[in-house]
Each structure stands twice: as structure tokens, then as C-alpha cells.
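Here are some notes to read alongside the structure. Keep the 3D view open and look up each residue as we come to it.

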Amino acid sequence: MPANNSTSRFSDRVENYVRYRPGYPTEALDVLKNDCGLTPAHIMADIAYGTGIWTRLLLENGNRIFGVEPNAEMRRFPTFTSVPGTAEATTLPDKSVDFVTAAQAAHWFNRPEARREFMRILRPGGWLVLLWNERLIDTTPFLRDYEQLILTFGTDYKEVRHERTGVNEFFDPQPFEERIFPNIQEFDYAGIEGRLLSSSYVPAPGDAKYEPMLRDLRKVFDAHAVDGRATFEYKTRVYFGRLAR
């Protein structure tokens with residue numbers, strides 16, 4: 001599937017996304033509170049929120065959330081105000097929110113157009129917060145073999161990795177800051193398979209590579225699992241700053 005098909009490429013992976021994608025550590029929300037002055041009174045726009053993994057932390061903080069998500073299958077899951085829109089055209093009113101956030105999503109955006117839209121909907125002095133769970137690829141033998149499996153069977157993996165995102169393009173000419181926190185997931189084999197199949201860059205059922213990929217995944221798991229479980233390690237990266245013309 002082409003990398004620019006960012007709206008529909010997750011449509012057949014929603015159930016696995018809900019069940020197996022990592023959450024965000026509470027320290028990420030603490031950044032917004034301690035460094036950006038977030039209070040429950042602030043109104044927030046969560047852009048391309050997917051199934052609401054990050055949004056739930058904001059709701060638990062008591063904030064009013066406008067979720068903007070172009071994928072109809074993803075929008076089946078929210079328990080907050082959801083609108084069909086994109087980062088480049090949110091449909092939200094001018095100067096209507098205090099924070100714009102995007103978790104595991106900004107690498108899909110057209111950065112110049114999204115920045116203009118964020119500037120439009122943010123109130124003066126408003127904050128932009130971008131987050132990613134960055135899966136580590138070489139800290140353990142399991143993670144190294146899992147990465148090799150994706151390189152072998154992935155469709156457009158190298159093209160869509162979020163590390164290619166020029167974060168500074170969202171904030172320039174203003175400065176921004178970064179915070180990094182550890183994050184982990186521990187799974188049995190079913191969870192490892194579900195986590196793999198939640199990714200948009202691996203073959204789906206019916207693809208000729210699908211069954212060989214799962215056979216190799218089973219081998220990777222059996223080689224490295226401890227007491228029937230294997231662990232994904234992540235760095236949760238939080239970028240934040242104010243936007244200004």
C-alpha cells in the first residue's frame with residue numbers, strides 16, 4: 001500500500017490496533033502539566049487520534065477534547081466529541097483550542113499545511129504536542145530478530161517509519177523541547193502476533209507473504225520467549241512548544 005494512503009491503510013487493522021498497540025506513560029501527560037501548564041480547564045484538539053489511546057489520558061485529566069480523525073473505522077471507538085477531519089483541515093473554529101496534540105500520527109501529515117491549520121485553531125500562546133512510541137530495534141536478541149522479520153516481509157516499512165519526520169518543521173521559527181521516557185509491552189505469542197498485524201506496513205491475510213511471515217514470527221518468538229512471553233521496548237518521545245508566525 002502506498003505510504004501516502006494514510007487514511008485507509010489502518011482500516012483492516014483496527015481491532016489489533018485497539019488491543020495491541022502500546023499506551024503512553026503517565027510521565028508524558030505530566031510534561032503537559034508541568035512544562036506547558038495544562039489544567040483540566042484547557043480545551044484540546046487531538047489530531048488523528050486513531051482509537052483514542054492517548055486521548056484517554058487527556059480525558060482522565062478532565063479536559064474537553066475535540067478528536068479529529070479521518071478514518072471512519074477508527075472513529076467507532078471514541079467516547080468524546082469526534083469530528084471527521086484531517087490535520088490539514090480539522091473543521092474546528094478559529095482560535096478554539098488551547099492545545100493541539102498528535103500521538104503516533106504526525107509523520108503522516110503534510111507538515112506545512114498542518115502547521116497552518118494548527119496555527120488557525122490554536123488560541124494565542126497555544127501549545128503543540130507531538131508524541132511517538134518509538135519501538136527499539138536492537139536492544140535485545142528478540143527485538144533484533146523481530147526487526148529483521150519486518151525488513152524481510154514489510155511492504156513500505158522503510159518509507160513510513162516516523163523517525164523520518166522533520167519535527168522542527170512543525171515548530172519553526174519557534175523553539176521546541178523534547179522529553180524521553182521508557183515504555184514496555186510484554187506479550188504471549190498471540191499478543192506478539194496481534195502487535196505485528198496492527199502495523200500498516202506488513203502483509204494482510206490473503207497476501208502470499210502472510211503465512212510465511214507468521215511462520216517466521218513463531219520461530220522468532222519460540223527462540224527468545226522467557227516463560228512464554230516476550231517484551232517490546234520503546235522510547236516515548238514527547239515534543240512540545242508554542243506556535244507563532
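1. Let's begin with Glu-15, which you will find in helix H1, residues 14–20. Please keep in mind that this is a predicted model. Is Glu-15 buried, partly exposed or exposed? Its relative accessible area is 45%, and since buried means under 20% and exposed over 50%, Glu-15 counts as partly exposed. Now find Gly-194: the two residues are 179 apart in sequence, yet their C-alpha atoms are 9.0 Å apart in space.

2. Next, step back to the whole protein. Its secondary structure comes to nine helices and seven strands. Of the 245 residues, 53% are buried. The exposed area is about 11200 Å², with carbon and sulfur atoms supplying 49% of it. For contacts between residues at least 6 apart in sequence, 77% join residues at least 24 apart.

3. Now look inside. In soluble globular proteins, nonpolar side chains tend to be buried together. Here the largest nonpolar core has 29 residues. Those with the most contacts inside this core are Ile-47, Val-100, Phe-109, Phe-118, Leu-130 and Phe-170. Among the elements that give two or more residues to the core are strands S1 (43–47), S4 (97–103) and S5 (122–135), together with helix H4 (111–121). A second core, separate from this one, has 25 residues, including Phe-142, Leu-143, Leu-196 and Tyr-210.

4. Strand S5 deserves a closer look. How many of its 14 residues are buried? The count is 11, so S5 is mostly covered. S5 pairs with S4 in the parallel sense, over six bridges. Within S5, Leu-130 is the bridge partner of Ala-102. Leaving aside residues up to four places away in sequence, Leu-130 touches Ala-102 and several others, including Ala-106, Val-167, Phe-170 and Tyr-239.

5. On to the aromatic rings. A search of the whole structure finds 15 aromatic pairs. One of them joins Tyr-24 and Trp-54: the ring centres are 5.8 Å apart and the planes are at 80°, so this pair is edge-to-face. Tyr-24 sits in the loop between H1 and helix H2 (26–36), while Trp-54 belongs to helix H3 (residues 53–60), so the pair links parts of the chain that are 30 residues apart. Why do both count as buried? The cut-off is under 20% relative accessible area; Tyr-24 is at 11% and Trp-54 is at 2%.

6. A second pair to find is Phe-142 with Phe-232. Their ring centres are 5.5 Å apart with planes at 65°, so they too form an edge-to-face pair. Phe-142 lies in helix H5 (residues 141–153) and Phe-232 in strand S7 (residues 230–242), so the pair ties together parts 90 residues apart in sequence. Both Phe-142 and Phe-232 are buried. They also belong to a cluster linked by ring pairs, together with Tyr-20, Tyr-146, Phe-187 and Tyr-234.

7. Finally, look for charges over rings. Which residue has its charged end over the ring of Phe-232? That is Arg-195, whose charged end is 5.7 Å from the ring centre. Arg-218 has a similar place over the ring of Tyr-189, with its charged end 4.3 Å from the centre.

Key: Residues numbered from 1 in each chain as written. Predicted model: local features only at pLDDT ≥ 70, side-chain atom pairs only at ≥ 80, totals over all residues. Heavy atoms only, no water. Helix = DSSP H or I, 4+ residues; strand = E, 2+ residues; numbered from the N terminus. Buried < 20%, exposed > 50% of the residue type's maximum accessible area, 1.4 Å probe, protein only. Core = buried A, V, L, I, M, F, W, Y, C linked by side-chain atoms within 4.5 Å. Contact = heavy atoms within 4.5 Å. Areas by Shrake-Rupley, 256 points an atom, 1.4 Å probe, with all protein chains shown as cover. Phe/Tyr/Trp six-rings, centres within 6.5 Å; stacked < 30°, edge-to-face > 60°. Lys NZ or Arg CZ within 6 Å of the ring centre and 35° of its normal. Pairing = 2+ DSSP bridges.
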